[in-house]
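Please find below a colleague's note on the model, arranged as numbered points. The sequence and the coordinates are shown first, and the comments follow.

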There are 2 protein chains.
Amino acid sequence: MAYTPIKQVFRNTQEFLNKTVKVAGWVRTIRDSKNFGFIEINDGSFFKNLQIVFEDGKIPNFKEITKLTVGSAIVVEGTLVESPGAKQPFEVQASKIELEGACPQDYPLQKKRHSFEFLRTIAHLRPRTNTFSAVFRVRSLAAMAIHQFFQDRGFVYVHTPIITGSDAEGAGEMFKVTTFDFDNIPKDEKGNVDYTQDFFGRSTNLTVSGQLAGETYAQAFGKIYTFGPTFRAENSNTARHAAEFWMIEPEIAFADLKDDMELAEDMLKYIINYVMENAPEEMEFFNNFIDKTLLERLNNVVSSDFAHITYTEAISILEKEKDQFEYPVKWGSDLQTEHERYLTEKVFKKPLFVTDYPKDIKAFYMRLNDDNKTVAAMDLLVPGVGEIIGGSQREERYDYLLNRMKELGLKEEDYWWYLDLRKYGSTKHAGFGLGFERAIMYMTGISNIRDVISFPRTTKSAEF
Amino acid sequence: MAYTPIKQVFRNTQEFLNKTVKVAGWVRTIRDSKNFGFIEINDGSFFKNLQIVFEDGKIPNFKEITKLTVGSAIVVEGTLVESPGAKQPFEVQASKIELEGACPQDYPLQKKRHSFEFLRTIAHLRPRTNTFSAVFRVRSLAAMAIHQFFQDRGFVYVHTPIITGSDAEGAGEMFKVTTFDFDNIPKDEKGNVDYTQDFFGRSTNLTVSGQLAGETYAQAFGKIYTFGPTFRAENSNTARHAAEFWMIEPEIAFADLKDDMELAEDMLKYIINYVMENAPEEMEFFNNFIDKTLLERLNNVVSSDFAHITYTEAISILEKEKDQFEYPVKWGSDLQTEHERYLTEKVFKKPLFVTDYPKDIKAFYMRLNDDNKTVAAMDLLVPGVGEIIGGSQREERYDYLLNRMKELGLKEEDYWWYLDLRKYGSTKHAGFGLGFERAIMYMTGISNIRDVISFPRTTKSAEF
């Protein structure tokens, strides 16, 4: 690949000016007059297109090139020169243009606006559009930002299992994983499904969270994070739910809820800053065409000190405004998105941690507070979305954890290894989960989760 | 967490010397005399332990501390001083030691050698041992090296789907994903399984490769990579096969097999260099205790120009030595590990690309060579292992690809989107796959794949 990425031409223009460059990419637009024409090509290295000028007599195949169609793959040699046009500062005067792959007229991505719904039906082609090129470049950068953030701080990246023998990670409905022949499910003598004959010799599911496994590694490495796919078999046909999505779950030992919130705040600011620095063209595009308040909102996040209130305080604020809400506000009920957004957008006007939720609306592993009613949980609420991160200090006391499991009817033998962590050198520890797609939606303004996943899997849909 | 990571104490000793430090970790060893004692603690930030000296009179709870057991979690305050002992250059003179979490005597990790087989039964505790602390820190660093390598070169990271509607990615047996009740599988009027009633409205499986989806993104971004879990439902109960493992699959557009091999060589050298630079203590440990030829072997890889021969040349070399091999050598048969190792260890004595394999032993998407018999495939063979990377130039010509699919009985309608890539702006392109666990085994000398995966999933085993 002796081709120069178009990004380099844009970022280091002086280096290439008045020199020969060789680029390769796909035709985004083409227009021509009698003796000359213009092609904009995009090679995927950069959000913007590079303009190519071709003239009769200066390239041997002028006629052929005028017939090029949008979507064709071409290789271009020429000189990078300053452009007389106002629209772009430079262009390539072609000395050679070769067609690498033609594109017939039935190419679905002609130069016009397509609806996001339509583009989902051609998910294999949509990254060739401006919007999805920007979305998936930002997604890639955000993933890198996450790794960089944690690795710089000495966290160990753990691949927790995707296939799990547990059916009780406590975070939602699970998919089954099997090699059974559905025409012939083996049964034991009592007529029950005989899982000993399945691939793993037991019933297995797709993970809903890497947290419990992650905690085992935090008790060895001190600071760990997971970043992998998780699954929910829930029939939620909404713009915010997918059956398959990626999650980031850090866990820190010798740490409490305060440390956990500091980590979440630092991480979120880091990711946003990283993306704004590394994808300024994409972010400007989103701000212009997807959500005109995007950059203002994100700049507010990175420059704010996040606020903190307890759930109990939140309820008393909301009760004063209860007429504004569709759902009732009452101590003991979970906050709805309308409540969350009211708090972060109207009351605090910046990101807000709500802490110490009633134990009955939170998971079994969260640390019981001294009031015996609330747990050391935290949700981070951000303007425009509501909850984006959920976490807690974990119950590190063996007896408390076991009691809580019994209250909820969880079986001790299913969690023997999780309980072991509280038996052998237990530490105060904490962690949280960030849904990666929710974070991408937040940073791009894209409002449907199907538009930030390459090939989304949702209820009744697993195309491609 | 106002605790200083022990790694910082080791790496920037001068900064901490004769100052107060506060550290937190787990007791690895403890011994005491009448009036003083020594504790080695490890906090997971670093491979090595920090020595703590405690003296009666200098800490208030001397008696209690002498009774500490291995595995306990403690918090220590004290002064970092140069050590009179020969074994370590510095130690902490404790002024305060607090027990955070005790560890009873039945703790399975007492100070003695445990077999890897035993440690697999306590996979939740084994990262607390030297060997597994080193393995999983190296695994984390290698993952970061991969992201750094590709992102520095402008590759876009793509999360290809884990749940796939395709049952024909062509790389192996698949697991089914379902929400069916196994006691009541829905059937249609003909008595066939009615997948329209399953969660996705169709039959779905766990992916065996992200390649085909990855290619769609390479045709938009030019250079992409995947790094995610993949699955094989194969009953291979060997030291080298797992049902769930992670794979890295880059794809490059406007590129041929030569570009592909350059990329693979650069990537492998980069990862090895990164790990050797960032985990010198771990690598020295592996070299001393796991595989005494490890560093020599890895240094040979990073300093060699990899060799290249065709499959046909490889066969004629091997035929001359056929008496040495258990499996027959014949043009048209796949190379066995013994053949691969002979070529890279005995003949070339360095990493070796073997190219242009017979089309009948390679996948349908590999580009047909002009001889009509071989395809533009490459396997990278390395000393000590054999094949570590497999890749190819992809068939970019619509007619050739369709013909090959028909020859092999693949259905056109299952691949409509894959074929579209050859219809709309097709480019020469190539890619490869690196099994992440195989790479970790290669870099650590660990010989069983179960020992480089946090919670391994293999035939009849999905514990934890």
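1. Between chain B and chain A, an area of about 9500 Å² is buried, and carbon and sulfur atoms give 63% of it. The size of an interface is often given as the accessible area lost when the parts come together. This is a predicted model, and the total for the interface uses all residues. Chain B contributes 120 residues to the contact, and chain A contributes 120 residues.

2. The polar side of the interface deserves its own entry. Across the boundary of chain B and chain A, the rule finds 8 salt bridges. One of the salt bridges joins the side chains of Glu463(A) and Arg202(B), with an N to O distance of 3.2 Å. The polar contacts between chain B and chain A amount to 43 residue pairs, both residues being at pLDDT 80 or more. Helix α5 of chain B (residues 130–152) supplies 12 residues, the largest share of the side of chain B that touches chain A.

3. The next point is the symmetry of the pair. Two copies of a chain are related by a rotation about an axis and a shift along it. Here a turn of 180° with a shift of 0.0 Å along the axis lays chain B on chain A with an RMSD of 0.0 Å. The relation is therefore that of a two-fold axis. Both copies use the same surface, since 100% of the contact residues of chain B recur in chain A.

4. Which residue of chain B comes closest to the rotation axis? Val177(B) does, with its C-alpha at 2.5 Å.

5. In chain A, 5 strands close into a barrel in the order β1-β2-β3-β5-β4, and the pairing is mixed. From one strand to the next, the twist averages 55°. Strands of a sheet pair through backbone hydrogen bonds, either parallel or antiparallel. Strand β4 (residues 73–82) and strand β5 (residues 90–101) of chain A are paired in the antiparallel sense, over 10 bridges. Opposite Val81(A) stands Glu91(A) in β5(A).

6. Chain B likewise has a closed barrel of 5 strands, running β1-β2-β3-β5-β4 with mixed pairing. Neighbouring strands of the sheet in chain B are turned against each other by 55° on average, direction ignored. Strand β2 (residues 36–42) of chain B pairs with strand β3 (residues 50–55) of chain B in the antiparallel sense, and this pairing extends over 6 bridges. Within chain B, Phe36(B) is placed opposite Glu55(B) in β3(B).

Methods
Residues numbered from 1 in each chain as written. Chains lettered and ligands numbered in written order. Predicted model: local features only at pLDDT ≥ 70, side-chain atom pairs only at ≥ 80, totals over all residues. Heavy atoms only, no water. Least-squares fit on C-alpha atoms with pLDDT ≥ 70 in both. Contact = heavy atoms within 4.5 Å. Pairing = 2+ DSSP bridges. Helix = DSSP H or I, 4+ residues; strand = E, 2+ residues; numbered from the N terminus. Axes fitted to C-alpha atoms, helices over the stretch in contact; angles between N-to-C directions. Buried area = accessible area lost by both parts, 1.4 Å probe. Salt bridge = Lys/Arg side-chain N within 4 Å of Asp/Glu carboxyl O. Polar contact = N/O pair within 3.5 Å; in protein donor to acceptor, adjacent residues only side chain to side chain.
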